[in-house]
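Could you walk me through this structure, one piece at a time? I'm new to it and would like to know where to look.

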Amino acid sequence: MQLYKDQNLRVHNSLTGKKEDFQPINEGHVGMYVCGPTVYSNVHLGNCRTFMSFDMIFRYFKHLGFKVRYVRNITDAGHLENDADDGEDKIAKKAKLEQIEPMEVVQRYTVDFHNTLQQFNLLPPSIEPTATGHIIEQIEIIKEILEKGYAYEANGSVYFDVIKFNKDHEYGKLSGRKLEDMIANTRELTAQDEKRNPQDFALWKKAEPQHIMRWPSPWGDGFPGWHLECTAMSTKYLGETFDIHGGGMDLKFPHHECEIAQAEASTGHSPVKYWLHANMLTLNGKKMSKSTGNNIYPSEIISGNNDILSKAYSPAVVRFFMMQAHYTSILDLSDEALQASEKGYNRLMDAMGSLDTLKTGSKSEFEIAVWKQKCYDAMNDDFNTPILIAHLFDAVKHINLIKEGKENITQEDKTELENTLQAFVYDVLGIESQSMAKDDSNALKGVMELLIQLRNEARANKDFATSDKIRDELTALGIQLKDGKDGTTFSIN
């Protein structure tokens, strides 16, 4: 179904700072590139949030009927310490510390990355290229930039000439920085510096004898600069101009700014129509940091093996928590926030699980068509998941009223409600139900049926102490019993 023809999607373009109507370059097709991880350590939770946000965007495009090519790279070489033009390659440094091959480091943490994202129910991208697999393409782009006069060679390294580029183009337009201000706030170059200007950045770095990861090039053995790989891989698989480039807000400068400069220098035109940036995740109101100890890994949340949270939380609950904030907003992770999300998640799943049992009638008080369009309106407003979730809970309220016999719904509306909820919760938000996420749901149901039966027998025998104890103990565990004319049901709070 080509739903996109009936929906007016607007996205916040970081390049213009405005919300704009989304008009793909080729009708019915979306090309999206998202900067992937540098695989030298376990993926951290902040990165997970970024990838989860773009997974949701990917899912919504697919739901609207677009044919999407989603490219997300793996940085397995060339990413230097402090993202600068000197220092050690992060992967090579890790390999030296552990006395293993760099590609063993890459393999280990690529597997961890995939396993972690799979736990959070992320769809795999259409293409997942690696930096080391595209060295030839990167060298060719460097040649083009050199031929255009926007780069220079120095002692086996090649640098991008930012000042010369800025004479014909605008360096800093994505981040809103002015080159004049950047020049005024930087140190003078020393005699040992190879760069002509402090703002210049490496396209190719000469490999010193001790550098492990190295490749032959027209300028000698070396390795590509960090920014270059994304330009090479995005344009190879999506074309010289494509629809969407995404990544974390922290990549806006210098990484994405340098990508724009490289592409414009080599092709003569802007590479991306819409730039989308996801915001950061904080922990207990502070920036996440390994050095301060204010840090937690995804596996530690899921296992409960940490000193920060009071209990373990399922991947589905964590994903639901992430979706409760707009992708461009800062989101703070805390035990209280996760507990609240867990309660909300359980309420939503309980309502969806009870849809089959709803009795239908000849009329409906709940206007399904109006509510359904509100859900689309939320997502069409720059993928506004918190507003969408608010509408989903409006449906939960009506489902509970119908269960209690206080509202009515027709069979046709019930079917539409069920299909719409499943589409937005499972397909778009990517939130798994408890029965999907756990294999013990049938066991839980069986145990609850047994406890309800024992309670009913106690009440029939006027053993109210036992029946009240079953009810109160379950309430303490977060399980609510509901007595109605059709019997006793339960919900997990």
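Which residue just after H7 takes a positive phi? That's Gly239, with a phi of about 100°. Keep in mind as we go that this is a predicted model.

Let's stay with H7 for a moment. The helix covers residues 228–238, and 9 of its 11 residues are buried, so the rest of the structure largely encloses it. Buried here means a relative accessible area under 20%. The buried set begins with Leu228, Glu229, Cys230, Thr231 and Ala232, and goes on with Met233, Ser234, Thr235 and Leu238.

Now on to the sheets. One of them is an open sheet of 4 strands, lined up as S5-S6-S7-S8 with antiparallel pairing. S5 (151–154) and S8 (222–224) sit at the edges with a single partner strand each, so each has one side left without a neighbour in the sheet. Going from one strand to the next, the twist averages 20°. If you zoom in on S7 (residues 201–206) and S8, you'll find them paired in the antiparallel sense over 3 bridges. Lys205, for instance, has Phe223 in S8 as its bridge partner. Lying across S5, S6 (157–160), S7 and S8 is helix H4 (residues 135–148), which runs at about 120° to S7.

There's also an open sheet of 3 strands, in the order S12-S11-S13, and here the pairing is mixed. The edge strands are S12 and S13 (331–333); each has a single partner strand, so one side of each is left without a neighbour in the sheet. S11 (residues 281–283) runs antiparallel to S12, and 2 bridges join them. One pairing to look for is Leu283 with its bridge partner Lys286 in S12. Helix H10 packs on this sheet, where it touches S11 and S13, and its direction makes about 150° with that of S13.

Follow the chain on from S12 (286–287) and you come to the loop between that strand and helix H9 (298–303), which is where Gly293 has its place. Is Gly293 buried, exposed or partly exposed? Its relative accessible area is 48%, so it counts as partly exposed, given that exposed means over 50%. Gly293 and Lys178 are 115 residues apart along the chain, and their C-alpha atoms are separated by 36 Å.

What about the empty spaces? Rolling a probe the size of a water molecule over the atoms shows where such space is left. The second largest pocket holds about 1200 Å³ of space. It has 43 lining residues, and those nearest its centre are Tyr40, His44, Asn47, Lys90 and Asp250. By class, the lining splits into 18 nonpolar, 19 polar and 6 charged residues. Helices H1 (45–63), H3 (102–119) and H8 (252–267), along with strand S9 (242–248), each supply at least two of the lining residues. H1 gives the most, with 4 residues.

Closed spaces turn up as well: the whole structure has 4 cavities of 30 Å³ or more. The second largest cavity has a volume of about 40 Å³. Its lining includes Arg49, Ser53, Met56, Met322 and Phe383, and by class it has 6 nonpolar, 3 polar and 1 charged residues. H1 comes up again here, with the largest share of that lining at 3 residues. H1 and H10 (315–323) each supply at least two residues to it.

Terms used. Residues are numbered from 1 along each chain as its sequence is written. This is a predicted model: local features need pLDDT of at least 70, side-chain atom pairs count only at pLDDT 80 or more; totals for chains, interfaces and linings use all residues. Side-chain values use heavy atoms; hydrogens and water are left out. On a 1 Å grid over the protein atoms alone, a cavity is a set of points where a 1.4 Å probe fits but cannot get out, and a pocket is an open set with protein on both sides within 12 Å along at least five of seven lines; lining residues have an atom within 4 Å of a point. Grid points are joined across faces, edges and corners, and a volume is the space filled by probe spheres set on the points. Ala, Val, Leu, Ile, Met, Phe, Trp, Tyr, Cys and Pro count as nonpolar, Asp, Glu, Lys and Arg as charged, and the others, Gly among them, as polar. Buried means under 20% relative accessible area, exposed over 50%, partly exposed in between (1.4 Å probe, protein chains only). Two strands pair if DSSP finds at least two bridges between them. Axes are lines fitted to C-alpha atoms, for helices over the stretch in contact, and angles run from 0 to 180 degrees between N-to-C directions. Contact means heavy atoms within 4.5 Å.
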